[in-house]
Amino acid sequence: MSVNKLVFKKPVPEDGANVYELVKKCPPLDGNSVYCNLLQTSHFADTCVAAKRNDTQELVGFVSGYVLPNDSSTLFIWQVAVSESARGEGLAKKMIVNLLTRESCSDVKFIHTTITKSNQASWALFRSLSKELEADLTESIQFDQELHFNGQHDTEFLVEIGPISR
Ligand SMILES: CC(C)(COP(=O)(O)OP(=O)(O)OC[C@H]1O[C@@H](n2cnc3c(N)ncnc32)[C@H](O)[C@@H]1OP(=O)(O)O)[C@@H](O)C(=O)NCCC(=O)NCCS
């Protein structure tokens, strides 16, 4: 599927159930509740992107994020999901870059996300993003397997990209 056949939109609550289904089809992402996806597509819509086919309006990509409550210069990217049919065409990166053009992200100078060591696709995406934005990428532990997950989940590494010149 060509990225040119997609539209990037601010999500609406009616997208929430479809976000739930998309994330379910995108391992290794952790599934959330539909209720959580409804909050993302309502309260956090200004910092989320829905990519839809312009003919059928099918949801093929979604980025959830929010500006840190105590720091308007940092956009936290929670999850990036692209359906298999739309992968490998730059969609994930384009959705994040699109988010940065929003008024809601006008103060943003840093992007944060967390990634487990084994998620190679995610590392590749954020390394590519740091190159495109010509901003440094640093990593450190954010949530530790033993200390924070009680051994039940791999360590999540904080990835910081920035400062981004705008
Ligand atoms: C990860 C994911 C979002 C990538 O979506 P995508 O639209 O195919 O990614 P893009 O085309 O924008 O790729 C961006 C960069 O990452 C690289 N990349 C993407 N998927 C990759 C993979 N599986 N292995 C290695 N590199 C990969 C691309 O080559 C590209 O690098 P480049 O710009 O240097 O050429 C998608 O595969 C997915 O939804 N995976 C399952 C969920 C997940 O792991 N999400 C990320 C965690 S938040």
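**What surrounds the ligand**

Modeller: In this predicted model, α4 gives five residues to the shell around the ligand, the largest share.

Biologist: Which elements each supply at least two residues of that shell?

Modeller: They are β4 (71-82), α3 (91-100) and α4 (120-132).

Biologist: What makes Val 80 one of the residues around the ligand?

Modeller: A heavy atom within 4 Å of the ligand is what it takes, and Val 80 is among the 20 residues around the ligand. Val 80 also belongs to the group that comes nearest, with Val 82, Gly 88, Gly 90 and Ser 128.

Biologist: Why is the pair between Asn 119 and the ligand called a polar contact?

Modeller: An N or O atom in the side chain of Asn 119 is 3.1 Å from a ligand oxygen; the limit is 3.5 Å, so the pair counts as a polar contact.

Biologist: And what makes the Arg 87 pair a polar contact?

Modeller: The side chain of Arg 87 places an N or O atom 3.4 Å from an oxygen atom of the ligand. That is within 3.5 Å, so this pair counts too.

Biologist: How much of the ligand does the protein bury?

Modeller: Alone, the ligand exposes 920 Å², and the protein buries 70% of that.

Biologist: How do the residues of the shell divide into nonpolar, polar and charged?

Modeller: There are twelve nonpolar, five polar and three charged residues.

Biologist: Which domain does UniProt list for residues 6-166?

Modeller: The unreviewed UniProt entry gives "domain: N-acetyltransferase". Over residues 6-166 the chain is 24% helix and 32% strand.

Terms used
Residues numbered from 1 in each chain as written. Predicted model: local features only at pLDDT ≥ 70, side-chain atom pairs only at ≥ 80, totals over all residues. Heavy atoms only, no water. Polar contact = N/O pair within 3.5 Å; in protein donor to acceptor, adjacent residues only side chain to side chain. Areas by Shrake-Rupley, 256 points an atom, 1.4 Å probe, with all protein chains shown as cover. Helix = DSSP H or I, 4+ residues; strand = E, 2+ residues; numbered from the N terminus. Nonpolar A, V, L, I, M, F, W, Y, C, P; charged D, E, K, R; others polar. UniProt positions renumbered as here; feature names shortened; annotations may be inferred.
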